[in-house]
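I opened the notebook to record what I looked up in this structure. One entry per topic, short sentences.

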Amino acid sequence: MEQKTAPRWLIWLALWTVYLVWGSTYLAIRVMVRTLPPLLSGGLRFVLAGAILLGILAMRRGMHAITVGRRELLSCTIVGTALLLGGNGLVSVAETKVPSGLAALVIASVPLWVVVLRSIFDGRVPRVTLVGVAVGFIGVGILVLPGGSSSGAPIAGLLVLLFASISWASGSYSSTKFTLPRDPLVSTGVQMLSGGIVMTLVALAVGEGAAFHVSELTRSSVEAFLYLVVAGSLLAFTAYSWLLRNAPISKVATYAYVNPVVAILLGWWILNERITPSVLIGAAVIVGSVAFIVRKDSVPEETPSEIAAIPDLATADAAKP
């Protein structure tokens, strides 16, 4: 893929936007769910973000630009549900009990799960990459096994995060197999809107709407919600999409192992979250293995979505918390 020439400073500005904003989304989610229901707030967040993005595209290009067929809509709904409800939604649920930095570390294992899925269904993964995956899962084990994190996080919350990372990886992997809209911004908007609607309906079905009381809201939770809509789902993804067209994918993919480091530092600095020796060891193992895999195996120019497992991602290329 031929990359467009862009000023070096602009590339780094976009990179740092992705690093800091997506890295901060774990912190914002942790603050948001203090007084907002996790699934309901997450669903509404993506419905708003998707509607805004598609609305902007429609105003700039016309309604025909955001029109998708039934097959594409179904594919977007399936992928969006896996990424947003199974991925982001479960992260929000887990962060009602689990520190944001620890959550970011477990979710950092998503690229490892993507490689596992590729090895199962495609059978085209080099052995050295599988070794890197095995090492990475050792780091996950350090964090998730009972007593491993020594951070006071309940094992149930950590297991929810583990399921979230698997769902996120499944959505990222399946996005390469389904028929999605060719325009990545349209695909993102439809995935956010459809996945957000599904998450909102599930939230209402499990009773989050009835349990929610406006009088219990705090200003910080509302501000975190708005930050996630505007910065996490719109600003950062715009920067990410621009980078995919103007910078080497190997450089863009660095967000996969920079984001958890940013999340840990912000959680420690702003929320006074503990950084224990076992968390540091787990972080080093996971981040190191993800960096190795991204550089060694997961940077083919034709398949960027396999690298961009999250998050606040809200598409196969950007499914971030």
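**Entry 1: Ser-194**

I started with the contacts of Ser-194 in this predicted model. Leaving aside neighbours within four places in sequence, I found Ser-194 in contact with Cys-76 and Thr-77. Next I looked up its place, and Ser-194 sits in helix H8, which covers residues 184-205. Is Ser-194 buried or exposed? Its relative accessible area is 11%. Buried means under 20%, so Ser-194 counts as buried.

**Entry 2: the salt bridges**

How many salt bridges are there? I noted a count of 3. I took them one by one.

The pair I looked up first was Asp-183 with Arg-61. Their side chains meet in a salt bridge, at 2.3 Å from N to O. Asp-183 lies in the loop between helix H7 (155-174) and H8. Arg-61 belongs to helix H2, residues 38-61. The two are 122 residues apart in sequence, so the pair ties together separate parts of the chain. I checked accessibility as well. Asp-183 is partly exposed at 24%, and Arg-61 is partly exposed at 37%.

Then I turned to Lys-177. Lys-177 forms a salt bridge with Asp-122, and the closest N and O atoms are 3.3 Å apart. Where do the partners lie? Lys-177 is in the loop between H7 and H8. Asp-122 is in the loop between helix H5 (110-121) and helix H6 (127-144). I wrote down that this pair links distant parts of the chain, 55 residues apart. Lys-177 has a relative accessibility of 48% and counts as partly exposed. Asp-122 is partly exposed too, at 26%.

Last came Glu-223 with Arg-219. The closest N and O atoms of this salt bridge are 2.7 Å apart. Both residues lie in helix H10, residues 219-246. They are 4 residues apart, about one turn of the helix. Is Arg-219 exposed or buried? Its relative accessible area is 68%, and exposed means over 50%, so Arg-219 is exposed. Glu-223 has 40% and is partly exposed.

I added one general reminder for myself. Side chains of opposite charge can pair when their charged atoms come close.

**Entry 3: the nonpolar cores**

I looked up the largest nonpolar core and found 73 residues in it. Which members touch the most others? They are Val-91, Ile-107, Leu-143 and Leu-161. I followed Leu-161 further. Leaving aside neighbours within four places in sequence, Leu-161 is in contact with Val-91, Ala-94, Val-98, Ala-103, Val-106 and Ile-107. Another core of 19 residues lies apart from the largest one. Its members include Ile-11, Trp-22, Leu-244 and Val-252. A general point goes here: in soluble globular proteins, nonpolar side chains tend to be buried together.

**Entry 4: the second largest cavity**

I finished with empty space. The second largest cavity has a volume of about 70 Å³. What lines the second largest cavity? I listed Pro-99, Gly-101, Leu-102, Ile-264, Gly-267, Trp-268, Glu-273, Arg-274, Ile-275 and Val-279. Two elements give two or more residues to this lining: helix H4 (100-107) and helix H12 (255-271). H12 gives the most, with 3 residues. I sorted the lining by class and got 6 nonpolar, 2 polar and 2 charged residues.

Technical notes
Residues numbered from 1 in each chain as written. Predicted model: local features only at pLDDT ≥ 70, side-chain atom pairs only at ≥ 80, totals over all residues. Heavy atoms only, no water. Core = buried A, V, L, I, M, F, W, Y, C linked by side-chain atoms within 4.5 Å. Buried < 20%, exposed > 50% of the residue type's maximum accessible area, 1.4 Å probe, protein only. Contact = heavy atoms within 4.5 Å. Salt bridge = Lys/Arg side-chain N within 4 Å of Asp/Glu carboxyl O. 1 Å grid on protein atoms, 1.4 Å probe; cavity = no way out; pocket = protein on both sides within 12 Å on 5 of 7 lines; lining within 4 Å. Points joined across faces, edges and corners; volume = space filled by probe spheres on them. Nonpolar A, V, L, I, M, F, W, Y, C, P; charged D, E, K, R; others polar.
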